[in-house]
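Here is a friendly walk through one protein model, going from its core outwards to a few local details. Keep the viewer open as you read.

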Amino acid sequence: KHLLLLFDRPQEPCFMEKGPQRTVTPDYATDIPQIVSKFSSNAQETVSVNAVSTPSLGDILELKREENFSLFIPKHRKIAGRLIDIFLGVRNVDELLSVAIYARERVNPYLFNYSYSVALLHRPDTQDLDIPSIARYFPDKYVDSQVFSQARAVANIVPEESRTWKKKHRVAYFREDIGINLHHWHWHLVYPFEAARSVVDKNRRGELFYYMHEQIMARYNFERFSNNLKRVERFIDWDNPIKEAYFPKLDSLVASRSWPPRVANQRWQNLRREVDQIQVDIDDMKRWRDRIVDAIHAGVAKDANNRDVPLTENEGIDILGNMVESSILSPNRAFYGDLHNMGHVVTSYVHDPDHRHLESFGVIGDSTTAMRDPFFYRWHAYVDDIFQKFKETLPRYTVARLDYPGVTITDVQIQTEGGQKNVFQTFWQQSDMDLSRGMDFQPRGSVFVRFTHLQHSPFTYTINVNNEGKANRMGTCRIFLAPKFDEKGTPWMFRDQKNMFIELDKFRVTMKSGRNVITRRSTQSSVTIPFERTYRDLDTNRPQGGDQLAQFNFCGCGWPHNMLIPKGTAEGLQCELFVMISNYDDDRINQTIEGQCNDADSYCGIKDKLYPDRRSMGYPFDRMPRDGVQTLQQFLTRNMRVADVTIRFTNRTLRPKSGN
Ligand code: CUO
């Protein structure tokens, strides 16, 4: 429990007192014989820590405390990897506490938060701890800077009992959604691309990099359709100006400065930033791109010893994911480079490519904030297109690889609570978030900010399915949703629509002989985590600690449930709901998945387990269609069914129950 105290108030030092009769190593004697728990001299509780020999922090200290930190910057990831290794290397929890305190007092707060979180996620002896949400400690990454000065005033002037929500903060509903940004941050925390191999090398992590970001793109495009916008154009013309401007309106509380904005029509420039140890030419990026595309066309990559690494039907996408991202699992990082990461970096420095203005990176250079920037989606549309190019080279699914002989879906519908059949309902909701843990050197007590986010009414799927066999059959039920028409209002070609499908749920079903009625609630989705978990510890109206805490263990990765259904339109956006039941014999992974973090596996996998579905991620929409199939209807086999549904948005706002 004490380990978690170190997340609090990242800028404030642990208050230290020298223990009277403890033996300490000389190094530590001046530093931390004892800390007094959070965080001031009048703290209620004192925590004693053991003396240990202090780690050598070396170049970890080269990132100054007031600088910004980004995993996309090679120097930063190297030192983060080193700090993670230090935390993973200590023998037990007591030692970890001592070493972490020692580091916390010296290391950049963002760097500390990241490395410490990764270590707690991966140490066997800290598996029962809940990693707190980054928005709790660094709310400045998510909340308009004006809010903080007002919050400070409130904290200083208004007695705690009468503090209320002083500022209404409305986030741009998708890009700046706090829950979506937290999911993305958490995903990259679970799947780091650089650290010890044992930490990085998770089952199908390269493929999941492709699939999770492909789904972000499909979901973003869906939201664009809900607002009468076209699909995002991929950023392919790297020499041309970037049309999109972005003004973050965030101030870093740690770095005491603003996030740099990007004005319209900036161009990618070669980077020469000694301070970050980055030298990248746009020509380097082009070479990496060409080599990757060559490997796709050849169906084979080359490793560092020039040996063949075949991009097979089953494993190719995983290799390619690691190659494009890139991670340390890339077959040859020197040759295929670091394309996707450097796209983030080059964009994030577009305002100061050679550091002459001493400016830091923009929001797209940091995975905690990247999704706020509209250009994020243009870059990831490009990255996704590379993966789609590869998928185009793979064998099409034949009817035999789609069908489940003897299983026929006869009807599919959804019923919204208090609403109509086959109509999803969306609306706004307001929630409150406590800023106080991220505001250092302030009087104690909560200070809330109220923000607005999308929400939908709960609903239930009902699926009628006929099992023509005599015995029970097992299947995997896969549910997806896509707009029915393209941006011109014309019906889709399957080859385009397949990339628009967002996954809503995936679960196992047992079908008895004859007719079966399968029902499933929206809240059970394998894509999302409950609203309360996304915003856990951001809303102090909820009880903290105890069983409640255990329930939330580590499971911060998962699409925020309130964003399961896109916004739709007031008149009702016409969509197609797709349901498929595939043969479980071809899906099954033999493992037990009891325990925690097994409820949002579609985008996040399951902690320390194999990805729980043997099919290619995105199945059955991850391939070009078989010959003769032009439309979704032609694609269907008996074990699939499509229902026409609409998403109706109502411009009303649900306010917190206890609020004022
Ligand atoms: Cu998640 Cu580019 O990989 O942001």
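## W379 and the nonpolar cores

Leaving out residues up to four places away in sequence, W379 touches F235, W238, W268, M285, L339, H340, G343 and H344. This is a predicted model, so please read each contact here as computed from predicted coordinates. W379 also stands out in the largest nonpolar core: among the 149 residues of that core, F87, W268, W379 and F578 touch the most other members. The element that gives the most to this core is α15, with 10 residues.

A second core lies apart from the largest one. It has 31 residues, and F222, Y404, L564 and I565 are among them.

## H340 in helix α14

One of the contacts of W379 deserves its own visit: H340. This histidine sits in helix α14, and its relative accessibility of 1% makes it count as buried. What does H340 contact once its neighbours within four places in sequence are set aside? The list is F72, F209, V324, E325, W379, H380 and V383.

H340 also has a polar partner, since its side chain and that of H344 are joined by a polar contact of 3.1 Å. An α-helix has 3.6 residues a turn, so residues three or four places apart point the same way. H344, like H340, is on the list of residues that W379 touches.

## Helix α11 and its surroundings

Helix α11 covers residues 282–298, which is 17 residues. From its first C-alpha to its last it reaches 24 Å, close to the 24 Å expected at 1.5 Å a residue. Just after the helix, G299 takes a positive phi of about 75 degrees.

Which residues of α11 are buried? They are I282, D284, M285, K286, W288, I292, A295 and I296, so charged residue types such as D284 and K286 appear beside nonpolar ones under the 20% cut-off for relative accessible area. M285 is also one of the residues touched by W379. The buried residues of α11 pack against two strands, β8 (278–280) and β9 (300–302). They also pack against the helices α12 (316–325), α13 (333–336), α14 (339–348) and α15 (374–392).

## The disulfide and other cysteines

How many disulfides does the structure hold? There is one, and it joins C557 to C604 with an S to S distance of 2.2 Å. The torsion about its S-S bond is about -80 degrees, so the disulfide is left-handed. C557 lies in the loop between α19 (546–551) and β19 (559–560), while C604 belongs to helix α20 (residues 601–604), so the pair ties together parts that are 47 residues apart in sequence.

Both ends are buried: C557 has a relative accessible area of 9%, and C604 has a relative accessibility of 7%. Two further cysteines are worth a look, with C477 buried at 0% relative accessible area and C575 also counting as buried at 0%.

## The whole protein

Zooming out, the protein has 21 helices and 21 strands. Of its 660 residues, 62% count as buried. Among contacts between residues at least 6 apart in sequence, 77% join residues at least 24 apart.

As for the surface, the protein exposes about 26,000 Å². Carbon and sulfur atoms supply 47% of that area.

Conventions:
Residues are numbered from 1 along each chain as its sequence is written. This is a predicted model: local features need pLDDT of at least 70, side-chain atom pairs count only at pLDDT 80 or more; totals for chains, interfaces and linings use all residues. Side-chain values use heavy atoms; hydrogens and water are left out. Helices (H or I, at least four residues) and strands (E, at least two) are DSSP runs, numbered from the N terminus. The expected span of a helix is 1.5 Å times one less than its number of residues. Buried means under 20% relative accessible area, exposed over 50%, partly exposed in between (1.4 Å probe, protein chains only). Contact means heavy atoms within 4.5 Å. A disulfide is a pair of cysteine sulfur atoms within 2.5 Å. Accessible areas come from the Shrake-Rupley method with a 1.4 Å probe; for residues, only the protein chains shown count as cover. A polar contact is a pair of N or O atoms within 3.5 Å; within protein, one must be able to donate a hydrogen and the other to accept it, and residues adjacent in sequence count only if both atoms are side-chain atoms. A nonpolar core is a set of buried Ala, Val, Leu, Ile, Met, Phe, Trp, Tyr and Cys residues joined through side-chain atoms within 4.5 Å.
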